[in-house]
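These are my notebook entries on what I looked up in one structure. I record each item in the order in which I took it up.

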Amino acid sequence: MSQKNMIFIVNPKAGKNVLKTKMVEVVDEFSRAGYHVEVYTTKSAEDAEQHIYDVGDLHDLIVISGGDGSVDNAVTGVMRLSERTDKVPPIGYIPCGSTNDYAKSLCISRDPVTAARQIVRGKVCPVDIGRLGNRMFVYVAAFGIFTEVSYATPRNMKAKLGHAAYVIEGAKSLTSVKTYRLKASFDGRIIRGDFIYGQVTNSRSVGGFRIVGLRDMSFHDGEFECVFIRKPRNPIELERILQAVVTNKQVEDYIVYERAKCVKVEGIEEIPWTVDGEFAGDYKQARVDNLHNAVNLVLGDLTTYGDPATEALVPAGVKKAHLLSR
């Protein structure tokens with residue numbers, strides 16, 4: 001077996017240190033699969049991005065361990081790397097964050113050893129990536145009530161409570177819900193009005209909650225799933241909206257669901273946006289583009305999950321019926 005080179009990037013601050021006690025087993029999985037493993041521990045928020053840009057083309061595989069923000073940072077590094085070389089390795093992901101929306105959507109195990117096994121036995125699959133202005137993101141760009149909760153929630157609270165932390169902080173802010181008057185265009189289809197929330201995503205869940213109104217989706221169809229929530233007129237309507245978010249039931253009077261390759265949002269004032277749970281800046285005019293099949297991920301045997309959401313990633317020739325068996 002010819003030896004391959006892997007860079008294993010670890011965010012030591014992510015989640016509940018679930019990797020710490022299993023590091024030896026994880027590295028052993030990679031080594032037995034024929035990889036020479038270089039372990040790199042991040043020192044700052046953008047460290048993974050820069051390290052991948054510097055040395056990524058010297059490796060056959062990049063594995064990132066951390067939360068959604070960590071994989072976001074790794075993808076940004078790979079996108080930068082692709083601007084200077086054609087030798088861009090695929091990415092494997094071991095989720096160790098507090099919520100791990102993207103990993104859940106892709107059926108990646110939360111057990112680090114199992115996730116490592118999925119990587120070494122998996123297939124390279126192209127996935128779409130988003131871009132807000134000059135900022136890349138993996139699974140969601142958003143504004144409004146729930147995003148403000150996200151980046152305002154203390155990291156130690158997220159680590160202890162997971163997505164329940166978002167709910168707790170959200171309950172505290174219901175008396176002062178910020179409203180944004182805006183015009184939004186979804187591939188030219190325009191809506192106007194006052195909104196308390198908007199998200200442009202390539203995932204089945206955000207903040208631990210399944211996307212409202214989601215029927216079927218693909219991770220590489222070149223389109224986003226978009227949810228915009230209108231301003232409620234009274235506390236009863238707000239309660240109905242929150243109930244819809246928790247139960248994943250669309251309330252058409254208040255919740256707009258669209259699909260689009262390009263989303264433009266123009267406000268009468270600057271709107272603060274987040275990408276993959278991190279603050280991304282204020283925009284009076286925001287443009288979100290889908291970069292079709294921009295990054296390759298290594299994913300497990302998608303024919304075994306029984307999840308129709310992964311169907312679009314199954315290589316050609318695999319029977320659909322296999323998705324429904326375990």
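**Entry 1: helix H2 and its cover.** I looked up which residues of H2 are buried, and found Asp47, Ala48, Glu49, His51, Ile52 and Val55. The model I am reading is predicted. I then asked what covers these buried residues of H2. The cover includes strand E1 (4-10), strand E2 (35-41), E3 and H3.

**Entry 2: H2 against H3.** I next took up the pair formed by helix H2 (residues 47-55) and helix H3 (residues 68-81), whose axes come within 7 Å and cross at roughly 30°. Because angles under 35 degrees count as roughly parallel, H2 is roughly parallel to H3. I noted the crossing of H2 and H3 as right-handed. On the H2 side I listed Asp47, Ala48, Glu49, Gln50, Ile52 and Tyr53, which meet Asn73, Ala74, Thr76, Gly77, Val78, Arg80 and Leu81 in H3. Sorted by class, the contact of H2 with H3 holds six nonpolar, four polar and three charged residues. Among the H2 residues that meet H3 is Ala48, which I had already entered as buried.

**Entry 3: Asn73.** I picked out Asn73, a residue of helix H3. Is Asn73 buried or exposed? Its relative accessible area is 8%, so I entered Asn73 as buried. Leaving out residues up to four places away in sequence, I found that Asn73 touches Ala45, Glu46, Asp47, Ala48 and Glu49. Of these, I recognised Asp47, Ala48 and Glu49 from the list of buried residues of H2.

**Entry 4: Ser65 in E3.** Since E3 is part of the cover of H2, I looked up a residue within that strand. Ser65 is found in strand E3 (residues 61-66). With a relative accessible area of 1%, Ser65 is buried. I set aside its neighbours within four places in sequence and listed the contacts of Ser65 as Phe8, Ile9, Val10, Asn11, Leu19, Ser70, Ile94 and Cys96.

**Entry 5: Tyr35 in E2.** Strand E2 also belongs to the cover of H2, and Tyr35 lies in E2. I recorded Tyr35 as buried, at a relative accessible area of 14%. How many residues apart along the chain are Tyr35 and Ile7? They are 28 residues apart, and I found their C-alpha atoms separated by 9.4 Å. Not counting residues up to four places away in sequence, Tyr35 touches Gln3, Lys4, Asn5, Met6, Phe30, Leu61 and Val120.

**Entry 6: H1 against H5.** Two residues touched by Tyr35, Phe30 and Val120, led me to another helix pair. The axes of helix H1 (residues 23-32) and helix H5 (residues 112-121) come within 9 Å and cross at roughly 15°. At that angle I count H1 as roughly parallel to H5. H1 passes H5 in a right-handed crossing. From H1 the contact uses Glu25, Val26, Glu29 and Phe30, and from H5 it uses Pro112, Val113, Ala116, Arg117, Ile119 and Val120. By class, I noted seven nonpolar, no polar and three charged residues in the contact of H1 with H5.

**Entry 7: positive phi values.** I recalled the general rule before checking phi. Most residues other than glycine have a negative phi. I then noted Cys107, which is not a glycine and yet has a positive phi of about 60°. Cys107 has its place in the loop between helix H4 (101-105) and H5, and at 18% relative accessibility it counts as buried. Asn293, likewise not a glycine, has a positive phi of about 50°. I located Asn293 in strand E15 (residues 278-299). At 32% relative accessibility, Asn293 counts as partly exposed.

**Entry 8: Ile255.** I looked up Ile255 in strand E13 (residues 255-260). Ile255 counts as buried, at 2% relative accessibility. I found 9.5 Å between the C-alpha atoms of Ile255 and Tyr197, which are 58 residues apart along the chain.

**Entry 9: the whole protein.** I closed with totals. The protein has nine helices and 15 strands. Of its 326 residues, 54% are buried. Among contacts with a separation of 6 or more, I noted that 73% are between residues 24 or more positions apart. The accessible surface comes to about 15,000 Å², and carbon and sulfur atoms account for 50% of that surface.

Conventions
Residues numbered from 1 in each chain as written. Predicted model: local features only at pLDDT ≥ 70, side-chain atom pairs only at ≥ 80, totals over all residues. Heavy atoms only, no water. Axes fitted to C-alpha atoms, helices over the stretch in contact; angles between N-to-C directions. Helix = DSSP H or I, 4+ residues; strand = E, 2+ residues; numbered from the N terminus. Parallel < 35°, antiparallel > 145°, perpendicular 65-115°, else oblique. Left-handed = near helix turned anticlockwise from the far one by under 90°. Contact = heavy atoms within 4.5 Å. Nonpolar A, V, L, I, M, F, W, Y, C, P; charged D, E, K, R; others polar. Buried < 20%, exposed > 50% of the residue type's maximum accessible area, 1.4 Å probe, protein only. Areas by Shrake-Rupley, 256 points an atom, 1.4 Å probe, with all protein chains shown as cover.
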